[in-house]
Structures are given as C-alpha cells and as structure tokens.
Amino acid sequence: MKRLEMHNINSNTTNNINTACKETRALFTDNTVRIYQAFPVEIAEEAVRLGTFGSHFKMQRMSWIKPSFLWMMYRSGWASKPGQERVLAIDIKRTAFDYIMDNAVASTFNKSGFTDYNEWQQQVKQSDIRCQWDPERDIYGNPLDYRSVQLGLRGSALYEYVHNWITNIEDITDYVKMLAEEKKSGTDISAKLPEEKMYKIC
C-alpha cells in the first residue's frame, strides 16, 4: 500500500477542516498525542502484546480515534458495550496527529468549507481521513456546550497509523472500570480523570 508523505499537506485548505483555528482537548506532550479506542478482547490483547494492531484488526474498515477520554467513555459505556469491552490509550506521534487534523475531510457537508455539495462529495470519496465534531460529554454522558473531534482513518492513513504513527499502547480497562464503579457510588471522580488540555489546530 502506498505510504503517505508526512510533508505533503494539502495546500487547498478549503477542502479540509483547517479553514480556521479549532480547539480540541487532549492529553499530549511535545512529541505525542493520546487517543482512545475500544475493542473486543482479542483485538486489544493482541495490540498490547505487539505494540500495534495485528491480524485481528480489520484494515479494510474505517477506524475512528478519539482524543477525548470522556467521549470514549460515553461511546463505550465505560467499557461495557458489546465489542468495546477493552479500552486502549494509544499514544501517536504529534506530527501524525497534526497531519491527520490538517488533512481530514468533514463527514457532513458545510457550506463554509467547500464550493458546493458536489465538491464535498468528491473530497469525501478521495480522502482517507474523516472528521466529525460532536458535543463533548460530562462524566454522566450529558452533552456539554463545546465539541470534541473524532477522526476516521482508512486506506493509506490507516496503514500509517498501524505501522508508523503509534508509539505506545496501554490497556486502561481496569482504570476505566474503577472510575465507573466510583462514579456509580456517588464519588466525585473529576480529579482522577486524564488532565486533558486545549490543543489548538490552525
């Protein structure tokens, strides 16, 4: 499969999400950004063992990554939904995360980002990276008044993710279940959540 060129950022910014500064929240360092995914046991255990995804992971499907811990909790039901019983914290190269953000095409049509609907449809077909902005969630799953990004990878982008962009994978399911139990008992778990900070993309 053809590899992506990391320096080959699409200069036509009207075709991606980079039309204005956007802010998401993430746990990051100078070199990495943490994203989350939830999987069945066999995919998660294999990924932790290999340090990347193996034969159980389907490369033919679009795979969605999420930098928001609480959105992942909302989506997976705190690791309780079928097929999402294991939650992985995955560190990827910061240069890769920026590349993904710069080249993502919105999953829904927005007049401000494209000349017309047909142009957007063409970009969606051609792009290996999608994005959508959904309301962020609080610890109880209630929507907040700001949005969190989800990023879909397929094709060459998914290949790069699996083979070149991942630096570390950690199974955090026990931590997730501990938080879920404490939340259920009425304990304030806010101080135990990942310390996500504003991450600006321009």
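How many bridges join S4 to S8, and in which sense do the two strands run? In this predicted model, S4 and S8 are joined by 5 bridges and run antiparallel. They belong to an open sheet of 3 strands, arranged in the order S2-S4-S8, in which the pairing is antiparallel. The edges of this sheet are formed by S2 and by strand S8 (166-171), each of which pairs on one side only. On average, neighbouring strands of the sheet are turned by 25° against each other when direction is ignored. Helix H5 (residues 155-165) packs on this sheet and touches S2, S4 and S8, its direction making about 80° with that of S4. Within the pairing of S4 and S8, leucine 88 has aspartate 171 of S8 as its bridge partner.

The chain as a whole provides the setting for this sheet. The protein chain contains 6 helices and 9 strands, and 48% of its 202 residues count as buried. Among the contacts between residues at least 6 apart in sequence, 77% join residues at least 24 apart. The chain exposes about 10600 Å², of which carbon and sulfur atoms supply 47%.

Another open sheet has 4 strands in the order S3-S7-S6-S5, and its pairing is mixed. Its edge strands are strand S3 (63-65) and strand S5 (105-106), each pairing on one side only. S3 pairs with strand S7 (residues 143-153) in the antiparallel sense over 3 bridges; within this pairing, serine 63 has leucine 153 as its bridge partner in S7, while isoleucine 65 is partnered by leucine 151. S6 and S7 likewise run antiparallel and are joined by 8 bridges, including the one between arginine 137 and proline 143 of S7. The hairpin of S6 and S7 has 5 residues between the strands, and in this hairpin glycine 141 takes a positive phi near 90°.

Two helices lie across strands of the sheet that contains S6 and S7. Helix H3 (residues 94-103) lies across S3, S5, S6 and S7, and runs at about 100° to S7. Helix H2 (residues 69-76), in turn, lies across strand S6 (129-137) and S7, running at about 90° to S6. H2 is largely enclosed by the rest of the structure, because 6 of its 8 residues are buried. These buried residues are Phe69, Leu70, Trp71, Met72, Met73 and Ser76, and what covers them includes strand S2 (32-39), strand S4 (86-93), S6, S7 and helix H6 (173-184). The cover of H2 therefore includes S2 and S4 as well as S6 and S7. At the start of H2, a side-chain oxygen of serine 68 reaches to within 3.1 Å of the backbone nitrogen of tryptophan 71, whereas just after the helix glycine 77 takes a positive phi of about 65°.

In soluble globular proteins, nonpolar side chains tend to be buried together. The largest nonpolar core of the model has 35 residues, and those with the most contacts inside it are Phe53, Ile90, Leu151 and Tyr161. When neighbours within four places in sequence are left aside, tyrosine 161 is in contact with Ile35, Gln37, Phe53, Ile65, Ile90, Ile92, Leu153 and Ile166. A second, separate core has 17 residues, including Ala89, Val176, Ala180 and Ile189.

Arginine 86, which is found in strand S4, offers a contrast in side-chain chemistry. Why does arginine 86 count as buried or exposed? Arginine 86 is buried because its relative accessible area is 18%, which falls under the 20% cut-off. The side chain of arginine 86 makes a polar contact of 2.7 Å with the side chain of aspartate 171, and a further polar contact, of 3.3 Å, joins the side chains of arginine 86 and glutamate 45. Aspartate 171 is also the bridge partner of leucine 88 in the pairing with S8. Not counting residues up to four places away in sequence, arginine 86 touches Gln37, Ala38, Phe39, Val41, Ala44, Glu45, Asp171 and Thr173.

Technical notes:
Residues numbered from 1 in each chain as written. Predicted model: local features only at pLDDT ≥ 70, side-chain atom pairs only at ≥ 80, totals over all residues. Heavy atoms only, no water. Pairing = 2+ DSSP bridges. Contact = heavy atoms within 4.5 Å. Axes fitted to C-alpha atoms, helices over the stretch in contact; angles between N-to-C directions. Buried < 20%, exposed > 50% of the residue type's maximum accessible area, 1.4 Å probe, protein only. Areas by Shrake-Rupley, 256 points an atom, 1.4 Å probe, with all protein chains shown as cover. Core = buried A, V, L, I, M, F, W, Y, C linked by side-chain atoms within 4.5 Å. Polar contact = N/O pair within 3.5 Å; in protein donor to acceptor, adjacent residues only side chain to side chain.
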